[in-house]
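Me: I'd like a close look at the small sheet in this one, strand by strand. If there's room afterwards, add a word on a helix pair too.

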Amino acid sequence: MYARGPTGTSNAVDALLHVCSRRIVTLNYDRSLEIRAAELGVECESLVLATEATRAIEALAAEAVRDKLVVIHAHGVATEPSTIVLDGDGYSSLLSAPYVNVFLWLLPIHSRLLFVGTQLDELHILEQLIRLRFLNKRHLLVASRSVANELLNAPRSPLVPDRFLVLVRGYDDHADLVPLVELLAPPPEPEPVAPAAAGAVFATVGLTPPTDYVETMMVEKREPEDDDFRASYLAALGLRSPVALEQVAAVGTRTLIEGLPGSGKSTLLLEIGSRLPEQIVARRLRGPRLDLIGDPKLLLRRWLDSAEAFRAEESRDQARLDTDVFHFLIDGLDEVPYPQQAQAVARIIEVAAAHPVHSFTVASRTIPAIEEFPRPEWLRVALAPTAKWRQAYLEKRGVGWDQLVEAVPLLHDLRGLLELPFFLSQTVDLYEQGALAEAGDLLSLVSRFVDAALRTLEQTLPSTAIRRWLRQLALAILLAGRSELTLEEIAMSLPADFVDYGDAAAVAERLVSAPLLRADGDRRYSFVHRILGEALAAEALLDVDPEQSGILDVAAPVVTDRIRGLRTDWLVPITLVAATSERWRQALAGRDPLAAARAIPTDAPLDERQRAARLIWDLYVEWRIWISDYRRLTIVEDESVLARLLATEGLEELHAEIRAAASSDVREESGNAVRVLATLGDRTIEPQLRHILETSDDYVLRRIAGLAARDLRLDALFYVIAHRALHPAEDTEAQDLTYAALDLATLDDLVMLAIRAAERGGTAIDILSYAIQGRISAQDELAVLRAWASRREEPMTRERSRIFELLPGLRLDDESVAESVIFVAGSWRVKSDELNELIRQQQDAAASAAIKLYDLKVAHAFELGWIIEQVDPERLVKAGAPAVLIESKHALDERKRR
């Protein structure tokens, strides 16, 4: 959209005439664009919105043929004075025309907008950008430096990027627009060229994004206390929009990408660099190689010398900085030595400010220095790999999560770790090589992860020595009862022979850059996942004697015959080492027989397996307590230990006993049996589960049975589970059984369940309202909202806005659809220009919706005023509206006349 440009022409205008979108909406009154197009031989169609609205709307349609330039004069032309919009009356007339709303709605729906030569103070355009911000499209406004500063910083400025999704960039001279606009032109036809003379070229990036790359969710971090979990949680709730890759790769952006070690920061930078169009010169820089001394205006030239290109044979010509648009991708900022990190951040900020035309994207794990990147000039983004990302990645690799778990059931313990790309890719690689099952126990598998992570250090530090030190460090943390260490403590813990590798502080800073450790505040570090530290500690324990070392006196003290046993904080590492070492297992059995039973491996002799399984089951029968403890890993969770042992040969008698216990009158015994058998995958218990769900008065047992049916994929139990979810005894039952029903439902079942839940209200619809989004059609989701709106109940904010998000996918020319939309909006009292226009176009539907809302007592007459004031009185009468609505309509019309 172009406004207040030079009358006549300029190089920027010439470039605009060749934009690949072939569409320009101008707020100017002159036809200088068309005149210049004729001079250059550019085929051009000129339209005036006030008189040629239908054709203008057709030109903006997604399917419109773009074989010629179309210039649309939104505020009229001087040669037709009646079309000009100058004052308040003109704007009122413009905005009251139905076609204008449609035009403004289509504009950002199908396009990304570049605003040139305007301060974007047209309120009707701003309002539309607010209304359609759920599209998550970023638009760009370029203006003179002074105007851009005013728009970004002045208190009166309405251009808040989070609200309008408009990026603002300034230029020093009108001529600076030319290279920007030229980027929007189609690439020129390739011409055969002679081989270039040999000359200095950039080194090419040696790495490429993996072919199985799946984009990780990026979420904006708006506050310093935001972390990847909080940001991704807000995005999942619909309270914060994910950041699209295109937003980071756009021209003129400044972006800081944060993420845990192994979360895919480096891979993302490679993906961005590989995706950028040829008009953008992409360069990759390593943080530790940045020169930090010099004038910011000149420093970028030195950085360019150490950069790598994404395309082969690119000329190392520094003059291109003045003629081309670059995107600098700076990786490993956290690998800069700690004392220099703050200086590196300051230099990057200053260099980026001195080169506003170029883009800068920086990737780093969380370090204190990155808090200096200023908002909103720098978009702060957290990489937030999620279970959804993990599923998408596995689909791309052609592997199912169930296949991985079948190969190594203990992967359930690593769900959190395997949401990080580094560790999940390692797992899939092992699976494809046939080596995953060979890993056997959890200790062996985690050991392989550690090996892979240490390979990143092997170029400068020997992995064998580092591994030995890490084991001792993990054991020391465990003995101290801590979860993190400062950088200074890490440096002090280094063995004496590490002195040969350099200064202790510098070595420590290099060590914490491996994907095993994460920052937990100012110069404090912990293992990126607790299981890594516990596995390393277990490796250290394998080298010591359990009794002579005194470790068991700390981990499993014996105070008296009744006060003894394995401490909770030592549960996992001791179980890991006991499962591997018979010596440790025997020593542990003298102090805590149950803990030793949990550590029995599946290849142990039959009598050991029988004794261990019998000990665990009989203790729970005697104690009459629930077996499950969701706080524990499955390797030490008794239902999983029992299932693992029952899956081996020779335990058929105990298996049959537990199957019979599923029908026990003792609630704990029955529930424990169901849990164990569901974990084992025993589908023969379907009759017992149905009996519990249909007849039991114990809602805890019903929850256990419903979740077991879900885990066993017993689809035939869907309807009884759905019934219990809609008629729960308490909120926890509603939650568990709704999630169970959700996982078992077909699409048709899901629509039915959501509508029934909406009609009843409560916990089930709170869960389903989010879960159905994107899984069922817009038409079916509208039916759910309609059922929900039939009760006078206040929904959450995200449900209120959902009706607007559904509009593009609905056939609003269908009267029944229009009536449902208006009904929902009337019940929840949400308004918009689109809804007002729909009411004016669908008068009968609006009248019917208003009458039903009133008859159902969902809305009072005065609350329906905004609907009926737009409906002709005769339509209300014809629809059989009650007298109170007719009277309200007449009163509203009379107030208007006055």
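Reply: Let's begin with one pair of strands, keeping in mind that this is a predicted model. S2 and strand S3, which covers residues 69-73, run side by side in the parallel sense, and 5 bridges link the two. For a spot to click on, try leucine 47, which sits opposite isoleucine 72 in S3.

Now zoom out to the whole sheet. It is an open one built from 3 strands, laid out in the order S1-S3-S2, with parallel pairing. Strand S1 (23-26) and strand S2 (44-48) are the edge strands: each has a single partner strand, so one side of each has no neighbour in the sheet. As for twist, neighbouring strands here are turned by 15° against each other on average, ignoring direction. As a bit of background, strands in a sheet pair through backbone hydrogen bonds, and the pairing can be parallel or antiparallel.

On to the helix pair. Helix H31 (residues 686-695) and helix H33 (residues 718-726) have axes that come within 10 Å and cross at roughly 30°. Since angles under 35 degrees count as roughly parallel, that makes H31 roughly parallel to H33. The H31 and H33 crossing is left-handed. If you want to pick out the side of H31 that does the touching, look at Leu693, Glu694 and Thr695, which meet Val720, Ile721 and Arg724 in H33. Sorted by character, the residues in this contact between H31 and H33 come out as 3 nonpolar, 1 polar and 2 charged.

Key: Residues numbered from 1 in each chain as written. Predicted model: local features only at pLDDT ≥ 70, side-chain atom pairs only at ≥ 80, totals over all residues. Heavy atoms only, no water. Pairing = 2+ DSSP bridges. Helix = DSSP H or I, 4+ residues; strand = E, 2+ residues; numbered from the N terminus. Axes fitted to C-alpha atoms, helices over the stretch in contact; angles between N-to-C directions. Parallel < 35°, antiparallel > 145°, perpendicular 65-115°, else oblique. Left-handed = near helix turned anticlockwise from the far one by under 90°. Contact = heavy atoms within 4.5 Å. Nonpolar A, V, L, I, M, F, W, Y, C, P; charged D, E, K, R; others polar.
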